[in-house]
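Here is a friendly walk through one protein model, from strand pairing to core packing and on to two individual residues. Have the viewer open as you read.

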Amino acid sequence: MSCALGFDYGSRLIGVAVGNRLTASARALATIPVRDGEPDWQQLDKLRQEWLPDTLVVGLPLTLEGAEQPASIAARKFAERLRQRYATTVVLVDERHSSQEAARRFADARAAGLKRRRDAAHIDAEAAAVILEHWLSSAADPPSLSTIEH
C-alpha cells in the first residue's frame, strides 16, 4: 500500500490530509472537531476505512528553536492513541512552518480565484497536507522525529 494519512493536531480541530508515496503528493481531506479533548473518532474511523493507509503521519509542533512545548505533548498523546486504535505505524514529523505554508497556499489560491474566504475553515487540513508532503518528499525511508510501530 502506498497511502498515508497526515494530521495537523490541534486542541479544537485536527486537519487531515491523504498522500501517495508513489507521487509524493498530498491533498487536504477534512477538518475534524475536538470536543473536551476527544477527537471525533467516528469521522477518523471513516477516513481510515475509506483510505486504508499503511502509515499515519502526525505533525509535532516544536518551538522555532526545535524544543518541545505543551502542544508537543498533546500531539504525542494523539499519535499514541492513533497507534493503539489502528494498530499501524505512526510517524511524528517536525511541523514547524506548516501553518504559514498552508496560509500562503490559501492566499495564493484565493488570489487566483480558486478559493473563497469561507474555505479558510479548512486551513488545518491544508496544513496537514503540507506536513504530509514534507514527509513524502524526504528520502524513501524518511527521517522523522519518532516512529511508533505496532
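Let's begin with a pairing: Thr55 has Thr89 of strand 6 as its bridge partner. The model in front of you is a predicted one. Strand 5 and strand 6 run parallel, and six bridges join them. Between these two strands the chain passes through helix 2, and the resulting β-α-β crossover is right-handed. Strand 6 is largely enclosed by the rest of the structure, because five of its six residues are buried.

**The cores**

Which residues have the most contacts inside the largest nonpolar core? They are Phe7, Ile14, Val16, Leu44, Val58, Phe78 and Leu82, in a core of 24 residues. Several elements each supply at least two residues of this core, including strand 1 (3-8), strand 3 (25-35), helix 1 (41-51), strand 5 (55-60) and strand 6 (89-94). Helix 2 gives the largest share, five residues. Apart from this core lies another, of twelve residues, with Ala17, Ala26, Val91 and Leu132 among them.

Phe7 is a good residue to click on in the larger core. Beyond its sequence neighbours up to four places away, Phe7 touches Ile14, Gly15, Val16, Leu44, Leu56, Val57, Val58, Gly59, Phe78, Leu82, Ala128 and Ile131.

**Two residues in detail**

Is Ser72 buried or exposed? Ser72 counts as buried because its relative accessibility is 0%, where buried means under 20%. This serine is found in helix 2, which spans residues 70-86.

Asn20 belongs to strand 2, residues 13-20. With a relative accessible area of 27%, Asn20 is partly exposed. A polar atom of the Asn20 side chain lies 2.6 Å from the backbone nitrogen of Leu22. Asn20 and Leu132 are 112 residues apart in sequence, yet their C-alpha atoms are 9.4 Å apart in space. Leu132 is also one of the residues of the twelve-residue core.

The table sets out the contacts of both residues, not counting residues up to four places away in sequence.

| Residue | Relative accessible area | Contacts |
|---|---|---|
| Asn20 | 27% | Ser2, Ser25 and Leu136 |
| Ser72 | 0% | Leu60, Pro61 and Leu62 |

To come back to the start, helix 2 ties these parts together: Ser72 is found in it, it lies on the path from strand 5 to strand 6, and it supplies five residues of the largest nonpolar core.

Note on methods
Residues numbered from 1 in each chain as written. Predicted model: local features only at pLDDT ≥ 70, side-chain atom pairs only at ≥ 80, totals over all residues. Heavy atoms only, no water. Helix = DSSP H or I, 4+ residues; strand = E, 2+ residues; numbered from the N terminus. Buried < 20%, exposed > 50% of the residue type's maximum accessible area, 1.4 Å probe, protein only. Contact = heavy atoms within 4.5 Å. Polar contact = N/O pair within 3.5 Å; in protein donor to acceptor, adjacent residues only side chain to side chain. Core = buried A, V, L, I, M, F, W, Y, C linked by side-chain atoms within 4.5 Å. Pairing = 2+ DSSP bridges. Right-handed = clockwise from strand over helix to strand, strands pointing away.
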